[in-house]
Protein chains: 2
Amino acid sequence: MNEPFELDARLAGDTHFIGDLALSRVLLMDDARWPWLILVPRRAGLRELVDLEVDAQYVLLDEINRTARLLQHLHAPDKLNIAALGNVVAQLHVHVIARHHQDAAWPSPVWGRGERVAYAPNAARRAIGALAAHLGC
Amino acid sequence: MNEPFELDARLAGDTHFIGDLALSRVLLMDDARWPWLILVPRRAGLRELVDLEVDAQYVLLDEINRTARLLQHLHAPDKLNIAALGNVVAQLHVHVIARHHQDAAWPSPVWGRGERVAYAPNAARRAIGALAAHLGC
């Protein structure tokens, strides 16, 4: 009952914190190869989208729309990839990724492609600042 | 204006037709390695989830929930994978896939893993019949 939300340790280790929206924590995947956000609904024990009641799903959907449109605005992707997989990290999280025809994995999915390329500190600070400012979080 | 919906030829070729829900055509990926449904909103010219107005997104979300819960009921997956990628087929479509710890790709995503293993005709007929009956379509 009222178990507190705790971000999965692997998600925390692979990402930068952007901010909290109404439902979800917004993370920037620390991989400069793709503009890649992750939304994590701040509820303990969630694994599947269908575990969320419909009202919370609507909030999550709104947050997916906001982050997807922000990536469109900032990065003009050829395609968005939106996915809730969770095979490695079971905690419910939604990937929102801007894809380009020339990117490091196109047209394959990004998961499991080579090694992460961490942002340089300055680039991370800039990206985090821009994303948080646009999302107002 | 009022351009008719036409299912992408590659999606049509790789799947079996299950039926039409209020918004989406429901397809069974013709790959017996994974219980794998695809929802295709029947609107011409859609590419991105964010191209759908919010009311239609709610209908799509309801159809995702119904198909995801049906796969849970029929296949007791260890994890659901739900994704709108569209890097190969740009027409908006949502994958709803039942994953098991012993399946042919776990814990990797299923896309691009080896060759499709088509259902035997009898197995396809059984699967299509069961899915259509449960979805009422």
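Visitor: What makes β1(A) and strand β2 of chain A a pair?

Guide: In this predicted model, β1(A) and strand β2 (residues 24-29) of chain A share five bridges and run in the antiparallel sense. Two strands pair if at least two bridges are found between them, and the five bridges of β1(A) and β2(A) therefore satisfy that requirement. Within this pairing, Gly19(A) stands opposite Val26(A) in β2(A).

Visitor: Which residue stands opposite Gly19(B), and how are β1(B) and β2(B) joined?

Guide: In chain B, five bridges join β1(B) to strand β2 (residues 24-29), and the two strands run antiparallel. Gly19(B) stands opposite Val26(B) in β2(B), and a hairpin of three residues leads from β1(B) to β2(B).

Visitor: What makes the sheet an open one, and which are its edge strands?

Guide: The sheet has 10 strands with antiparallel pairing, in the order β1(A)-β2(A)-β3(A)-β5(A)-β4(A)-β4(B)-β5(B)-β3(B)-β2(B)-β1(B), and it is open. Its edge strands are β1 (15-20) of chain A and β1 (15-20) of chain B, each of which pairs on one side only. From one strand to the next, the twist averages 20 degrees.

Visitor: How do you know that β4(A) and β4(B) pair across the two chains?

Guide: Three bridges join β4(A) to strand β4 (residues 79-84) of chain B, and these strands run antiparallel. Pairing calls for at least two bridges, so the three bridges between β4(A) and β4(B) are sufficient. Ala83(A) stands opposite Ala83(B) in β4(B). Of the residues of chain A, Ala83(A) also comes closest to the rotation axis, with its C-alpha at 2.0 Å.

Visitor: Why are the two copies said to be related as by a two-fold rotation axis?

Guide: Chain A is superposed on chain B by a rotation of 180 degrees, with 0.0 Å of shift along the axis and an RMSD of 0.0 Å. The two copies are thus related as by a two-fold rotation axis.

Visitor: How do you know that the copies meet through the same surface?

Guide: Of the interface residues of chain A, 100% are also interface residues in chain B, so the copies meet through the same surface. The contact takes 27 residues from chain A and 27 residues from chain B. On the side of chain A that touches chain B, α2 (54-75) and β4 (79-84) of chain A each supply at least two residues. By class, the residues of that side are 16 nonpolar, seven polar and four charged.

Visitor: Where do the helices of chain A lie with respect to the sheet?

Guide: α2(A) lies across β2, β3 (36-41), β4 and β5 (94-99) of chain A, and runs at about 165 degrees to β3(A). Helix α3 (residues 121-135) of chain A packs on the sheet as well, touching β1 and β2 of chain A, and its direction makes about 20 degrees with that of β1(A).

Visitor: Why are α2(A) and α3(A) called oblique to each other?

Guide: Their axes come within 11 Å and cross at roughly 125 degrees. Angles from 65 to 115 degrees count as roughly perpendicular and those over 145 as roughly antiparallel; the angle of roughly 125 degrees falls in neither range, and α2(A) and α3(A) are therefore oblique to each other. The crossing of α2(A) and α3(A) is right-handed. Arg66(A), Leu70(A) and Leu74(A) of α2(A) make the contact with Ala130(A), Leu131(A), His134(A) and Leu135(A) of α3(A). These residues divide into five nonpolar, one polar and one charged.

Visitor: What makes α2(B) oblique to α3(B)?

Guide: Helix α2 (residues 54-75) and helix α3 (residues 121-135) of chain B pack at an angle of about 125 degrees, and their axes are 11 Å apart. That angle makes α2(B) oblique to α3(B). The crossing of α2(B) and α3(B) is right-handed.

Visitor: Why is the peptide bond from Trp106(A) to Pro107(A) called cis?

Guide: The peptide bond from Trp106(A) to Pro107(A) is cis, with omega near 0 degrees, and Pro107(A) is found in the loop between β5 and α3 of chain A. In chain B, the bond from Trp106(B) to Pro107(B) is cis, with omega near 0 degrees, and Pro107(B) lies in the loop between β5 (94-99) and α3 of chain B.

Visitor: What is the phi of Ala76(A), and where does this residue lie?

Guide: Ala76(A) has a positive phi of about 45 degrees although it is not a glycine, and it lies in the loop between α2 and β4 of chain A.

Definitions and conventions
Residues numbered from 1 in each chain as written. Chains lettered and ligands numbered in written order. Predicted model: local features only at pLDDT ≥ 70, side-chain atom pairs only at ≥ 80, totals over all residues. Least-squares fit on C-alpha atoms with pLDDT ≥ 70 in both. Contact = placed C-beta atoms within 7 Å. Axes fitted to C-alpha atoms, helices over the stretch in contact; angles between N-to-C directions. Helix = DSSP H or I, 4+ residues; strand = E, 2+ residues; numbered from the N terminus. Parallel < 35°, antiparallel > 145°, perpendicular 65-115°, else oblique. Left-handed = near helix turned anticlockwise from the far one by under 90°. Nonpolar A, V, L, I, M, F, W, Y, C, P; charged D, E, K, R; others polar.
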